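I opened the notebook to go through one structure, piece by piece. Short entries, in the order I looked things up.

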Amino acid sequence: AVVSTQSTGEESADYADAKQTLMTHKLLAPAYYILSGNSSGEGVIITRSLTETLDVQELNITGGRWFLLQTNYDPWVSPPFFDDRRTPGNICVNQWGQDNVGYKSLFNVLSTQPNLNKLTVYTSLLTVREGVTSWVQLCKTPCTPW
């Protein structure tokens with residue numbers, strides 16, 4: 001059976017259960033799942049094909065990996081030079097540092113070029129405690145097309 005991300009969030013007993021479900025359920029299309037939990041260190045990006053999990057990136061705070069960043073490109077593939085949003089995103093988050101990252105700073109990264117571009121329709125931020133907040137976005141000219 002195909003499982004929705006909504007039902008995964010509603011029906012999973014905990015972070016580990018949700019992670020396992022997202023790694024193993026049937027898909028209708030490839031996906032990047034970004035999952036966080038209630039406890040420090042619970043965070044993962046799961047890259048899925050239709051039939052299998054291709055990659056799992058997990059937080060490792062003690063190992064120095066205190067944040068994860070996902071763009072429209074597989075983590076093991078260099079983004080094309082004309083659409084590199086990964087590098088500026090990583091630079092911004094690292095400059096803020098772990099103690100200064102929050103809703104406002106993440107929204108600023110997602111609402112600033114090159115992460116914001118002519119193809120951006122909306123931006124959503126979600127936390128376990130706060131729920132989902134979404135904004136319709138418009139990248140005013142001059143703005144990159146992708």
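The entries below cover a hairpin, a core, salt bridges, a helix and the cysteines of this predicted model.

**Entry 1: the hairpin**

I began with strands β1 and β2. β1 spans residues 31-36 and β2 spans residues 43-48. They run antiparallel and pair over six bridges. I looked up one bridge at the start of the numbering: Ala31 has Arg48 as its partner in β2. Six residues separate the two strands, and together β1 and β2 make a hairpin. I checked the backbone in the turn. Gly41 has a positive phi there, about 90 degrees.

**Entry 2: the core**

Which residues make up the largest nonpolar core? I list eight: Tyr15, Ala18, Leu22, Leu27, Tyr33, Leu35, Val44 and Ile46. I then asked which elements give two or more residues to this core. They are α2 (15-24), β1 and β2. Helix α2 gives the most, with three residues. So the hairpin strands of the first entry come up again, since β1 and β2 are both on that list.

I picked Leu35 for a closer look. I left aside its neighbours within four places in sequence. Its remaining contacts are Tyr15, Ala18, Lys19, Leu22, Glu42, Gly43 and Val44. One of these, Lys19, leads to the next entry.

**Entry 3: salt bridges**

I searched the whole structure and got two salt bridges. The side chains of Lys19 and Glu58 form one of them, with an N to O distance of 2.9 Å. Where do the two partners, Lys19 and Glu58, lie? Lys19 is in helix α2, while Glu58 is in strand β3 (residues 53-58). The pair therefore ties together parts that are 39 residues apart in sequence.

I compared the burial of the partners. Lys19 has a relative accessibility of 17%, so it counts as buried. Glu58 has 35%, so it counts as partly exposed.

Asp83 and Arg85 also meet in a salt bridge, at 2.9 Å from N to O. Are Asp83 and Arg85 buried or exposed? I found Asp83 buried, and Arg85 buried too.

**Entry 4: helix α3**

I moved on to α3, residues 86-96. Its buried residues are Arg86, Gly89 and Val93. I looked down the helix axis. These residues fall within an arc of 70 degrees, so they line one face of α3. What does that buried set pack against? The partner is α4 (103-110). I also noted the residue just after α3. Gly97 takes a positive phi of about 85 degrees.

**Entry 5: the cysteines**

How many disulfides are there? I count one disulfide. Cys139 and Cys143 form the link, with their sulfur atoms 1.8 Å apart. I looked at its geometry next. The angle about the S-S bond is 100 degrees, and the link of Cys139 and Cys143 is right-handed. Cys139 and Cys143 are both buried.

I then turned to Cys92, which is in no disulfide. The nearest cysteine sulfur belongs to Cys139, 15 Å away. A disulfide needs the sulfur atoms within 2.5 Å. Is Cys92 buried, partly exposed or exposed? With a relative accessible area of 28%, Cys92 is partly exposed.

Notes: Residues are numbered from 1 along each chain as its sequence is written. This is a predicted model: local features need pLDDT of at least 70, side-chain atom pairs count only at pLDDT 80 or more; totals for chains, interfaces and linings use all residues. Side-chain values use heavy atoms; hydrogens and water are left out. Two strands pair if DSSP finds at least two bridges between them. Helices (H or I, at least four residues) and strands (E, at least two) are DSSP runs, numbered from the N terminus. Buried means under 20% relative accessible area, exposed over 50%, partly exposed in between (1.4 Å probe, protein chains only). The arc is that of the directions from the helix axis to the C-beta atoms. Contact means heavy atoms within 4.5 Å. A nonpolar core is a set of buried Ala, Val, Leu, Ile, Met, Phe, Trp, Tyr and Cys residues joined through side-chain atoms within 4.5 Å. A salt bridge is a side-chain nitrogen of Lys or Arg within 4 Å of a carboxyl oxygen of Asp or Glu.
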